[in-house]
Amino acid sequence: MKNLLDYTQDELAEFIQPKFRTKQIYEWVYKKNAKTFDEMSNLPKDIKERLKSEFYLEPLEMIKNEISLDGSIKYLFRLRDGKTIESVLLPMKEELIDQNGKTQRHARYTICVSSQVGCKMGCSFCLTAKGGFIRNLTPGEIVGQILWIKRENNIPYERRVNIVYMGMGEPLDNLNNVAKAINILKDNDGLSIGARRQTISTSGLASQIKKLGEMDLGVLLAISLHAVTDELREKLMPVNKAYNIASVMDAVREFPIDMRKRVMFEYLIMDKVNDTLNDAKALVKLLHGIKAKVNLILFNPHEGSPYQRPSIENVEKFRDYLQSRGVTCTIRQSKGLDISAACGQLKERSKGESSATA
C-alpha cells in the first residue's frame, strides 16, 4: 500500500486517469478534509475501489497531545511502522473581533514539523539528538503532519499557516523528500501554502544549502549558527567539522532570497558560553554584507544538559549591540517551554512514553 500524500498530482496521474480525477482527489484530501476514499462522492466507483486497494490516506496517528499555558500544542504522532515524531502548533496572533462582532484579524498560526525520526547531527544542546538517527520521513509523512494539525484544529482551508522545518531532524539531510513536500504543499489544488510561508532551518550543511538554492523553491532559509568561532561551534555542533563557519557563510551568500526577505540566523544563547559583548561584536563582523535577521533564542533547559539559560540582561545587551550596528535582531519568545515543545526539546519517544493517550 502506498501513501497517497507522497504523490504530486502529476505522479498520481500515472495511476489514475483521466487526469482531471487527480485534481478532484487532491481537492477532497486537502480542501475538503476527506479521511476515506468513500467520501469522494464525485469519483466513479471503480476509481474509488482502485484507490482503496492501492493507497492509504492517514500516514500517522496522534497518540498524545500537550497544551501549553501559551496555547501551543505539542503532538506525538505514531507512524505506520511504529516510530514516533513530534510536531507543534504555535499560535502567533489571536483573532480580533470588534464590538460589532466583526472579525478585524484572523488568528495566525505556525506549524513546526519534523523531517526525520531522530537526528544524526549530534548537537550537544539538543534533546532530539540524544536518541540518535532512525530514518528519514517521506514527503507524505511531512505533509501529513500539517494536514492533520490544520484539520483537527478546524483551521479553515483559506487560512494560510506558516510552516517551519524546525522539528525533529535536519531538513537538508533529507533534502529530496523535504523539497517534494514543499512542492506538494504549494499546489494550488492542495493546501496552497506558498513557498514564502515555508522556512527551512539547517545546522549548516553548506553543500545542501547550495543544492537547495539551485532548486529555487522560493522558501526562506534559517541558519542555526550559535557560535562565532569554529572552535566553539565544533564543541556545540559536530557538523562544523565538515562544514565550518566560512563554508556556511559562502553558501548563504549564494542563496537566492526574495529582495523583501532576509536570511534568518538563529543564535542559541547559553550562559557563560556565547553570551558576551565580544561574541556580539564578532557576530556583526561575520554577517557583514549579508541581508540578515538574527533571532536570539534563550537556551531551553532539559534534564542532563550541561548548559544553563542566560540572564535576560545579557541577552538584551547582546541584542542592543547588534541593533546599534544595523543588524536586525529580535529575542525569540520560546513557546511551549512548559510542555517541552520549544526549540531543541522534541524527541523520539520510548515505547513506554509513546503509549500515552491524549
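**Notes on charges, contacts and backbone turns**

1. Let's begin at Lys 150: a polar atom of the side chain of Lys 150 lies 3.4 Å from the backbone oxygen of Pro 156. The same side chain also reaches the backbone oxygen of Arg 159, at 3.3 Å. Each is a polar contact (a pair of N or O atoms within 3.5 Å, one able to donate a hydrogen and the other to accept it; residues adjacent in sequence count only if both atoms are side-chain atoms). Before reading on, please keep in mind that this is a predicted model, in which local features need pLDDT of at least 70, side-chain atom pairs count only at pLDDT 80 or more, and totals for chains, interfaces and linings use all residues. Residues are numbered from 1 along each chain as its sequence is written, and side-chain values use heavy atoms, with hydrogens and water left out.

2. Where does Lys 150 sit, and is it buried or exposed? Lys 150 belongs to helix H4, residues 139-152, and it is buried. (Buried means under 20% relative accessible area, exposed over 50%, and partly exposed in between, with a 1.4 Å probe and protein chains only. Helices are DSSP runs of H or I with at least four residues and strands are E runs with at least two, numbered from the N terminus.) Although buried, Lys 150 has no salt bridge: Glu 158, the nearest side chain of opposite charge, is 7.5 Å away.

3. How many salt bridges are there in the whole structure? A search finds 18, where a salt bridge is a side-chain nitrogen of Lys or Arg within 4 Å of a carboxyl oxygen of Asp or Glu. One of them joins the side chains of Glu 11 and Lys 180, at 2.8 Å from N to O. Glu 11 lies in helix H1 (residues 9-12) and Lys 180 in helix H5 (residues 175-186), so this pair ties together parts that are 169 residues apart in sequence. Both partners are partly exposed: Glu 11 has a relative accessible area of 26%, and Lys 180 has 23%.

4. The bridge between Arg 50 and Glu 54 is also worth finding in the viewer; its closest N and O atoms are 2.8 Å apart. Both residues lie in helix H3 (residues 45-54), and they are four residues apart, about one turn of the helix. Arg 50 is partly exposed, at 37% relative accessible area.

5. Arg 319 and Asp 320 meet through their side chains in a salt bridge of 3.1 Å, N to O. Arg 319 is partly exposed at 23%, as is Asp 320 at 40%. Elsewhere, Lys 35, Glu 58, Arg 151 and Glu 152 are joined into one network by salt bridges that share partners.

6. Which residues form a positive surface patch? Look for Lys 93, Arg 108, Arg 197 and Lys 261. Patch residues have over 30% relative accessible area and no salt bridge; like charges are joined within 9 Å, and nonpolar side chains within 5 Å. Of this group, Arg 108 is found in strand S8 (residues 108-112) and is partly exposed, with a relative accessible area of 44%.

7. Now for the backbone. A cis peptide bond joins Gln 17 and Pro 18, with omega about -5°. Pro 18 is placed in the loop between H1 and helix H2 (20-31).

8. Two non-glycine residues with positive phi make a nice pair to study. Asn 154 has a phi near 55° and is found in the loop between H4 and strand S11 (162-165). For His 226, phi is about 70°, and its place is the loop between strand S13 (220-224) and helix H7 (230-236). Is each one buried or exposed? Asn 154 is exposed, with a relative accessible area of 67%, whereas His 226 counts as buried at 5%.

9. Two last stops. Ser 324 is in helix H10 (residues 312-324) and is partly exposed at 46%; its side chain makes a polar contact of 3.0 Å with the side chain of Arg 325. Asn 177, in helix H5, is partly exposed at 23%. The C-alpha atoms of Asn 177 and Glu 141 are separated by 9.6 Å, with the two residues 36 apart along the chain.

Conventions
Areas by Shrake-Rupley, 256 points an atom, 1.4 Å probe, with all protein chains shown as cover. Lys, Arg positive; Asp, Glu negative; His and termini not counted. Charge placed at Lys NZ, Arg CZ, Asp CG, Glu CD.
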